[in-house]
Every structure is written in structure tokens, then in C-alpha cells.
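Visitor: I should like to examine this model by asking on what grounds each description rests. May we take the terms one at a time?

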Amino acid sequence: MGKGARKLLGHVKVGRKIALEVYRHYSGKLEKHGSLDVAGQVQFDDARRALATALSSSTPAAKAASNAEQTAGGTSNEDTELPEVHFSLSGLPELASNILHALQAGHPAVLTYLGNRRAKRANRRAATYGVPSIAGFSRDEYPFASSREGGKGAWVGHVPVWQQDLQAKLIGALVSKHKLKPGHRYRVVIIP
């Protein structure tokens, strides 16, 4: 199994769902174009392996091991009931891909709302320090600057400005809808 597939499976809460979404995304591209670029082929292969492993781990023994992990604190019931913000690979391709790459690199899918503008600005400065600006693009960091997990060490990519603006609106809608307060947690989900 490739390193990317292991990282996908390492995200217990969202690994299988992300692997399936990545697999569907690149399957569509493969079907449409007949081939993938090198990076796309690696993502597709890793997602396929991750799904195969996930399917083989749905045996009774694997489920028992998963239950034991939950009892030992691997995941909590609280995490399954978190509000979610969704980013679409088809609707926001560069933004969703940037987040997906950050997740694959080991950044968390569950974030803690910061709720402090000054701290958010400090996180953004720390995350983007030394990352060059590109005309027409915005530096997009994950974990988000508006989360406690954001800041130095965040994954930073370049996305079209309109996608960055829509991301801010989606996070704002999440905060408003669920009345998030500083310290509240939420889940980031990548969808096809």
C-alpha cells in the first residue's frame, strides 16, 4: 500500500469516505480522458488501495478491533455528531484538492473554531509566511486560519480567489447555522 493510501486510512473518521470520493473523482477523469497525469494516477491508485483495504477490514475481527480502538479512545461518539462543512471536488476543484492533500499529509479533519479575529490573522500570517503570492490566486491554508489547529505548519496551496471567497462564506454559514462558539468543533468533508 502506498504512503498516501496509509494516510487516507489513518483518518479513522473520514478515511473511507475520502478514499471513495477520490476514487470516484479520478475514475470520472479516467473515463472522460482515457488517462491521468502522474499525480492523478498516484491519487487514483492510493484511493483504490485504501478502498480495498477498507473493504477487507470490514470483517467481524476488524470490527471488533475498531470497537476496541473506540473504547481505548481512538474515536469518540462526540466526533460522529459534529457539524460538517462540505467542499466539493467538482464545484471547487482547486480548493477541495488543496484540503484533500492536507488531509492526506496528516492534518486533522476535525477542527476547533477559534472565534477570534486577531488570532485568525496571526494564524494566517504564520501559515503563509514565506509562501509567494501569485496574481489571480489566493494562498489557501489548511487547517483554516479560523481554527485552533491553523497557523504555522499548515498546508498552503494556491487557489482561485473566487474559491477562497466561497470557502469563507461556507465556513461563515456553518458558524451561523450551528451557532459555533470558540472551542466548538466541526468536521471538514470533501465530497465529489
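Visitor: Why is G172 called partly exposed?

Guide: The structure is a predicted model, and all values are computed from it. The relative accessible area of G172 is 36%. Buried requires under 20% and exposed over 50%, so a residue at 36% is partly exposed. G172 is found in helix α8. Its C-alpha atom lies 10.0 Å from that of V85, although 87 residues separate G172 and V85 in sequence.

Visitor: Why does Q167 count as buried?

Guide: Q167 has a relative accessibility of 4%. The limit for buried is under 20%, therefore Q167 counts as buried. Q167 also lies in helix α8.

Visitor: Which residues is Q167 in contact with, leaving aside its neighbours within four places in sequence?

Guide: They are F87, L95, D140 and F144. Each has a heavy atom within 4.5 Å of Q167, because that is what contact means here.

Visitor: What makes V159 a buried residue?

Guide: Its relative accessibility is 0%. As buried means under 20%, V159 is therefore buried. V159 lies in strand β4. If residues up to four places away in sequence are not counted, V159 touches E94, L95, N98, F137, S138, D140 and Q164. The C-alpha atoms of V159 and A96 are separated by 9.5 Å, with their positions 63 residues apart along the chain.

Visitor: Why is K179 called exposed?

Guide: The relative accessible area of K179 is 60%. Exposed means over 50%, so K179 is exposed. K179 is found in the loop between α8 and β5.

Visitor: What is notable about phi of K179?

Guide: Phi is near 50° in K179, a positive value in a residue other than glycine.

Visitor: How do you know that P182 is in contact with residues beyond its neighbours in sequence, and which are they?

Guide: Leaving aside neighbours within four places in sequence, P182 is in contact with Y113, L114, G115 and R148. The criterion is heavy atoms within 4.5 Å, so each of these residues meets it with P182. P182 and L114 are 68 residues apart in sequence, while their C-alpha atoms are 5.0 Å apart. Like K179, P182 belongs to the loop between α8 and β5.

Visitor: Why is strand β5 said to be largely enclosed by the rest of the structure?

Guide: Strand β5 covers residues 185–191, and five of its seven residues are buried, so the rest of the structure largely encloses it.

Visitor: What makes β1 and β5 a pair?

Guide: Five bridges join strand β1 (residues 84–88) to β5 in the parallel sense. A pair needs at least two bridges, so β1 and β5 satisfy the criterion. One position in this pairing sets F87 opposite I190 in β5.

Visitor: How do you know that β2 also pairs with β5?

Guide: Strand β2 (residues 110–112) has three bridges to β5, and the two run antiparallel. Because at least two bridges are required, β2 and β5 pair as well. T112 has R185 as its bridge partner in β5.

Visitor: What makes the peptide bond from Y142 to P143 cis?

Guide: Its omega is near 0°. P143 lies in the loop between β3 (137–142) and β4 (155–160).

Visitor: How do you know that there is empty space among the atoms?

Guide: A probe the size of a water molecule is rolled over the atoms, and this shows where empty space is left. The second largest pocket contains about 390 Å³ of space. It has 17 lining residues, and the closest to its centre are Y113, K120, S146, A168 and I171. Helices α7 (117–128) and α8 (161–177) are the elements that give two or more residues to its lining, and α8 provides the largest share, six residues. By class, the lining has seven nonpolar, six polar and four charged residues.

Visitor: How many helices and strands does the protein chain have, and how many of its residues are buried?

Guide: The protein chain has eight helices and five strands. Of its 192 residues, 40% count as buried, which means that this share has under 20% relative accessible area.

How values were computed. Residues numbered from 1 in each chain as written. Predicted model: local features only at pLDDT ≥ 70, side-chain atom pairs only at ≥ 80, totals over all residues. Heavy atoms only, no water. Helix = DSSP H or I, 4+ residues; strand = E, 2+ residues; numbered from the N terminus. Buried < 20%, exposed > 50% of the residue type's maximum accessible area, 1.4 Å probe, protein only. 1 Å grid on protein atoms, 1.4 Å probe; cavity = no way out; pocket = protein on both sides within 12 Å on 5 of 7 lines; lining within 4 Å. Points joined across faces, edges and corners; volume = space filled by probe spheres on them. Nonpolar A, V, L, I, M, F, W, Y, C, P; charged D, E, K, R; others polar.
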